[in-house]
Each structure stands twice: as C-alpha cells, then as structure tokens.
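Student: I should like to study one part of this protein closely, rather than survey everything at once. Would you please choose a region and describe, step by step, how its pieces are arranged?

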Amino acid sequence: MEPNSLLWVGSPCGLHGPYIFYKAFRFHLEGKARILSLGDFFLVRCKAGDPICIAELQLLWEERTTKQLLSSSKLYFLPEDTPQGRNVTHGEDEVIAVSEKVIVKLEDLVKWMVADVSSWNKGLRAVPLKPTVLKELGKNGQREALHKYRESTLNSGLNFKDVLKEKAELGEDVDEKKVLVLSYPQYCRYRSIIARLRERPTSFLTDHVVLALGGIASLTNNTQILYCRDTFEHPTLVENESVCDEFDLSSAIDAARRGTRRSLKQADRNARALNKTFEVFYKDCGVVLGDLWR
C-alpha cells in the first residue's frame, strides 16, 4: 500500500444508483497506517486557523462514474467556538453540532485530521475497567468480545466483523487519546451509572451487561466523553473549498440507512428490557455494579 493511498476496508454495505457504500477506509497519517470506520469520532481542523472540532464519520461511499471516494460527517464544536459563544447554560462537557452534515472527499478529510491530539483536554474522562478485570477478560476471550460488542453498538447495527479483523491486525495504540460524543440522555445515564456502581463479580461481565449499561465500556482511561443537545448554523463552512455541495444524496442516504433503523430500534428495545432485567437481578442478589471500574 502506497503511503498516500486510500483503500476501502471490508465489504460494501449498500448500493444505490451510482453510489457504493462502505463501512471503513484505510489511510496513512504522518506515516502511520490507520483505519476509520462508521461511527468513529476524531479531531479535525477544517482549515488553517480554524478551531479544532470533533467529526463523527457517518457515511462512506464511492461515486462509480467519477471514481471519487467521499465521506459525510457530523461536526461538533465547543460552545466557545460557535458564533453565539459559551454561556451559563452550557455544560462543561458539552459540544454543539453543525446543523448540516459535511460531504468531503476522503483525501481532504485526511488532510483535515489532527494527528497530535495530546493537547485535547475537553470532556469527561471515561472510567476504564480495572486491570484485574482486563486480565481476566484476556484469559477467557471476553475482552475481544467486549470490544466487538462496543463497536457494534456505535455503528448502526451493521456487521463490522471484517473491519474489526483488519483493525486488530493493524493494531491499536491504547495510549492514543480518543473522543466520544453522546446524546444528553446517554451522557446523564453514563454519569448516573458510574456514580451508582460500587462492586460487582467479574463472572457477570458479558456483552449483555455492556448493552444494559448503554454500550459504553472503555478499556482505557484515554477516552474523553462529551455530549451534544443542540445545533447551530456554521457561518463559513459552506465557503470551505473542501466541502462538496454538488452531491444530492438524500434518497441514497435514506436507502443506505433504511435497514439500519430497524436494527437500532430493536437494539434500543433490547437495551431497555435488559436494563430493567439486570436492575432487578442485581437488587435481588444484593450486588452493586462497581468492581468493573476503578
């Protein structure tokens, strides 16, 4: 693979007219091979002089007639980096989403990416699983299962087995800082759960528990969690030369996402049911769910 080449990872996940949709792509950033997949959050700078913001990769596709590789992302800015600025109603871990998705060629999206994320200190630091629990997970193979399950909950219910395999082969820098943007209810639920968790036997650690806890189970303490509950109109983004506004993807996006909506609705119903089941189970057993975390 050439250092500057872009390659799709995994099998296509949809087809509509001239568009072929994919789940992930592979690229190089500062000489290091990386893979980004749908649902991933990463830091970008839309142009020189702009503030750093968070991008959520939501769609990947190839336009077959022109062979263009394209992406659609949702951008999140800190309140102080929006036209209205930060005020007393904004939370410490809050970001605000740009109302319109941005469509950018993959080569330009890679140029937007911020390689050095060490200076990013915004957000609630995720509470990682205890080292003793991670060791136990490694022994019985549940660490990989937890990682896969967590990925599936963040990626619209699509089958990411082929993508996860390539990510595993590529290796993951566990010390690299990551960001995750939740909805406000998810964020409140996460903080509430962390506050309530005290102790729990490792034998109960299953992917069902991860689902019941909202699908958030960080393996390291390098994930910064933020939340979004509002949008704004970005005044200059439409003028950015990298943004492609010539693609009308409304019907294609509907077709690509139609099947995943059912999966998401079913997953939400399952999560609610499991959450109630586990709450009753642990209450009856006198178990408090805390020994997973520090």
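**A sheet, a helix and a hairpin**

Tutor: Of the 294 residues in the protein chain, 45% are buried. Please keep in mind that this is a predicted model. The chain has seven helices and 13 strands. Its accessible surface comes to about 15600 Å², and 49% of that surface belongs to carbon and sulfur atoms. Among contacts with a separation of 6 or more, 72% are between residues 24 or more positions apart.

Let us begin with an open sheet. Three strands make it up, in the order β1-β4-β5, and their pairing is antiparallel. Which strands lie at the edges? They are β1 (7-9) and β5, each of which pairs on one side only. From one strand to the next, the twist averages 40°. As general background, strands of a sheet pair through backbone hydrogen bonds, in either a parallel or an antiparallel manner.

The pairing of β1 with β4 (residues 24-29) is antiparallel and extends over three bridges. In this pairing, V9 stands opposite A24 of β4. Helix α4 (residues 161-170) packs on the sheet and touches β1, β4 and β5. The direction of α4 makes about 155° with that of β5.

Two residues show how side chains take part in this arrangement. The first to consider is S37, which is found in strand β5 (residues 32-37). Is S37 buried or exposed? Its relative accessible area is 1%, so S37 counts as buried, because the cut-off for a buried residue is under 20%. Apart from residues up to four places away in sequence, S37 touches K23, A24, L57, F160, V163 and K167. With K167 there is also a polar contact from side chain to side chain, at 2.9 Å.

The second residue is D162, whose place is in helix α4. Its relative accessibility is 26%, and D162 therefore counts as partly exposed. When its neighbours within four places in sequence are left aside, D162 is in contact with G10, S11 and K23. The side chains of D162 and K23 are joined by a polar contact of 3.2 Å. Along the chain D162 and K23 are 139 residues apart, and their C-alpha atoms are separated by 9.7 Å. K23 thus appears in both lists of contacts, that of S37 and that of D162.

The loop between β4 and β5 contains E30. What is notable about the phi of E30? Phi is near 55°, a positive value in a residue other than glycine. Most residues other than glycine have a negative phi. E30 is exposed, since its relative accessible area is 72%.

A positive phi also occurs at K67, a residue that is not a glycine, with a value of about 65°. K67 lies in the loop between β7 and β8. At 58% relative accessibility, K67 counts as exposed, because exposed means over 50%. The strands on either side of this loop, β7 and β8, form a hairpin with four residues between them.

This hairpin leads us to β8 itself. Strand β8 (residues 68-77) is mostly covered, as eight of its ten residues are buried. How many bridges link β7 and β8? Strand β7 (residues 53-63) pairs with β8 in the antiparallel sense over nine bridges. One of the bridge partnerships here sets W61 against L70 in β8.

Strand β8 has further partners. Four bridges join β8 to β10 (residues 102-105), and these strands run antiparallel. In this pairing, S73 has V102 of β10 as its bridge partner. Two bridges join β8 to β9 (residues 94-98), again in the antiparallel sense. There the bridge partner of Y76 is A97 in β9.

A last point concerns the cysteines. A disulfide is a covalent bond between the sulfur atoms of two cysteines. How many disulfides are counted in this model? The count comes to zero. C13 has 31% relative accessibility, so C13 counts as partly exposed, whereas C244, at 8%, counts as buried.

To review the region, one may start from the sheet β1-β4-β5, add the helix α4 that packs on the sheet, and then follow the separate hairpin of β7 and β8.

Conventions. Residues numbered from 1 in each chain as written. Predicted model: local features only at pLDDT ≥ 70, side-chain atom pairs only at ≥ 80, totals over all residues. Heavy atoms only, no water. Buried < 20%, exposed > 50% of the residue type's maximum accessible area, 1.4 Å probe, protein only. Pairing = 2+ DSSP bridges. Polar contact = N/O pair within 3.5 Å; in protein donor to acceptor, adjacent residues only side chain to side chain. Contact = heavy atoms within 4.5 Å. Disulfide = S-S within 2.5 Å. Axes fitted to C-alpha atoms, helices over the stretch in contact; angles between N-to-C directions. Areas by Shrake-Rupley, 256 points an atom, 1.4 Å probe, with all protein chains shown as cover.
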